[in-house]
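Trainee: Got a minute? I'd like to go through this structure with you.

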Amino acid sequence: MRGDAALELRIIEKVFGGQPVLRDVGFVAGPGEILALFGPSGAGKSTTLRIALGLDRDFIGHVRRPDARLGVMFQEPRLLPWLSVANNLRLVARDDVSDEKIATLLTGVGLPPAVAALLPGKLSLGMARRTALARALVVDPGLLVLDEPFASLDPQLTAQLGAVVARCARANAVTVLLATHELEQALAIADRILVLSGSPSTLQADIAVPDRRDAAAIDALRRALPARFPFLESSGGR
Amino acid sequence: MVPRLAFPARAERLLSLLGFFALWWLAAALAADPRLLPGPQAVLAVIWQGVLSGEMTGNIGITLARVAAAFVLSMLVGSVLGVFAGRSRRADALLDPWIIITLNLPALVVIVLAYVWVGLNETAAILAVAIVKVPTVVVTVREGARALDPGLDELAAVYHLPRLRRLQRIVAPQLAPYIAAAGRSGLAITWKIVLIVELLGRPNGVGYALNLFFQNFDVAGILAYGLAFAAIMLAIETTLLQPWERRAHAWRRGA
């Protein structure tokens, strides 16, 4: 394993229902690096994330995470409906987590303090996703795994939450593994774009995203990727 | 809306109860034979005398203790087995034939065999009731365990939640409605079986008293004990079990 790696993942083969679904997928992520795992629906993005999280061990290969502190956002918020928003955060946090920290995190993801006392059933989908992001951050994760975290949210909220993730990664050296099929989201926050596609899915590309201040280079990548990976024409561009 | 609905419901219940007593009174008057069907007043008088002498309260107290012991034992054992059966296919496969057999075994057979094998004592009485009741708790709680959200299990695994916290915060709230349902139906079954157990092999309790009244053809005594005990079980259900079940579902209403 690379000395400073926060995540090393190597899937030689993953079989599901007798059929290989992933083959030769491997990457190493450094501290504070944001990797966008990109691919069409059914390309195995979620499966790769589950393997990275240790939820799926039925594969040939290995996964190494030196830092056990994981933060996760699944495709659905997975909030416990019988616990208030604040208690959903406390559930996963250290016992001595302060009310101030919870309030700061909720404010950080754009939720008003009054939301802390509400049950999740009172929240909109956008608020529930923000709560799930705050819950992922309350553990001070070393690795943050986000599975289509902002799907079906409006572009403004998506950009806002993407900025929260990017800021957290830069400030606290949190490694982020983000599954998405939104090209603009990947271009907005990722350091690298990993493309999964094919049958079985393989890692087709590991592309470094240029400095975002270089608008021309970003634009060139925005045009180049759909040309190289046709599935992006229908799923990625906005 | 809830208070407006609650009052008529309470009024209708009271009306229904008054209707029952009125019908009973009318039937007793038509029968005109207090030995065959005594009226409500005669039965209430027997209850009052039983309370004053302490005989009825003593017998009811003993029966309630047996009901409580058998209920707690069967809920504990049934809930634990139900969770195992719902969470593990192997445990389910091992338990299922036992559940089917015990569910279909007549309660009377279990009671008689318990007395024959263990002896005419409290252990046999409580054990017999628990053996009859446990399978129904297992079946209900097993359904709850099968319905546990695997997504929340994954959440607990990712965050390495301690076992106790998982049980308290994730598993218990999901199982609570099933355990409450098993408790409510369980209490009704338990006390009826306890009376049979007492009738067949105990020297005290409501079942024993009913047997004596039956042998003396004392219908007023039978009705007095039957009604008094049913009223107490109804009170327990409405003051303890129903509020517990409402609490188990409270977050759904709050959502």
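Trainee: How do H2(A) and H4(A) lie to each other, roughly parallel or roughly perpendicular?

Mentor: This is a predicted model, so keep that in mind throughout. The axes of helix H2 (residues 85–92) and helix H4 (residues 125–137), both of chain A, cross at roughly 30°. Angles under 35 degrees count as roughly parallel, so H2(A) and H4(A) are roughly parallel to each other.

Trainee: And within what distance do the axes of H2 and H4 of chain A come?

Mentor: Within 8 Å. The crossing of H2(A) past H4(A) is right-handed.

Trainee: Which residues meet there, between H2(A) and H4(A)?

Mentor: H2(A) brings A:Val85, A:Asn88, A:Leu89 and A:Val92, and on the H4(A) side they meet A:Thr131, A:Ala134 and A:Arg135. By class, that contact of H2(A) with H4(A) has four nonpolar, two polar and one charged residues.

Trainee: OK, switching to the sheet. What's the strand order in chain A?

Mentor: Go across it as E5-E6-E7-E3-E8-E9: six strands of chain A in an open sheet, with mixed pairing. Strand E5 (70–73) and strand E9 (202–208) of chain A each have a single partner strand, so they stand at the edges with one side left without a neighbour in the sheet. From one strand to the next, the twist averages 15°.

Trainee: Take the E9 edge. How many bridges join E8 of chain A to E9(A)?

Mentor: Six, and the two strands run antiparallel; E8 of chain A covers residues 192–197. If you want a pair to look for, A:Ser197 stands opposite A:Thr202 in E9(A).

Trainee: What's up with the peptide bond from A:Ser199 to A:Pro200?

Mentor: That peptide bond is cis, with omega near -5°. You'll find A:Pro200 in the loop between E8 and E9 of chain A. Most peptide bonds are trans, which is a good reason to pause there.

Trainee: Any odd phi values? Where does A:Ala173 sit, for instance?

Mentor: A:Ala173 lies in the loop between helix H5 (155–172) and strand E7 (175–180) of chain A. Its phi is near 55°, a positive value in a residue other than glycine. In general, most residues other than glycine have a negative phi.

Trainee: And B:Phe217, is that one buried or exposed?

Mentor: B:Phe217 is exposed, because 10 other C-beta atoms lie within 10 Å and the cut-off for exposed is 12 or fewer. A:Ala173 has 14 within 10 Å, so A:Ala173 counts as partly exposed. B:Phe217 also has a positive phi, near 50°, and is found in the loop between helix H9 (206–215) and helix H10 (219–248) of chain B.

Trainee: How many helices and strands does chain B have?

Mentor: Eleven helices and zero strands. Its C-alpha atoms fill a box of roughly 75 × 55 × 30 Å along the principal axes. Of the 255 residues of chain B, 31% count as buried.

Trainee: Last one: how many residues of chain A are in contact with chain B?

Mentor: 16 residues of chain A, in contact with 14 residues of chain B. On the chain A side, the elements that give two or more residues are E5 and H2. That side of chain A divides into 13 nonpolar, one polar and two charged residues.

Trainee: So E5 and H2 of chain A come up again here. Thanks!

Key
Residues are numbered from 1 along each chain as its sequence is written. Chains are lettered from A and ligands numbered from 1 in the order in which they are written. This is a predicted model: local features need pLDDT of at least 70, side-chain atom pairs count only at pLDDT 80 or more; totals for chains, interfaces and linings use all residues. Two strands pair if DSSP finds at least two bridges between them. Helices (H or I, at least four residues) and strands (E, at least two) are DSSP runs, numbered from the N terminus. Axes are lines fitted to C-alpha atoms, for helices over the stretch in contact, and angles run from 0 to 180 degrees between N-to-C directions. Angles under 35 degrees count as roughly parallel, over 145 as roughly antiparallel, 65 to 115 as roughly perpendicular and the rest as oblique. A crossing is left-handed if the near helix is turned anticlockwise from the far one by less than a right angle, and right-handed if clockwise. Two residues are in contact if their C-beta atoms, placed from the backbone, lie within 7 Å. Ala, Val, Leu, Ile, Met, Phe, Trp, Tyr, Cys and Pro count as nonpolar, Asp, Glu, Lys and Arg as charged, and the others, Gly among them, as polar. A residue is buried if 20 or more other C-beta atoms lie within 10 Å of its own, exposed if 12 or fewer, and partly exposed in between; C-beta atoms are placed from the backbone.
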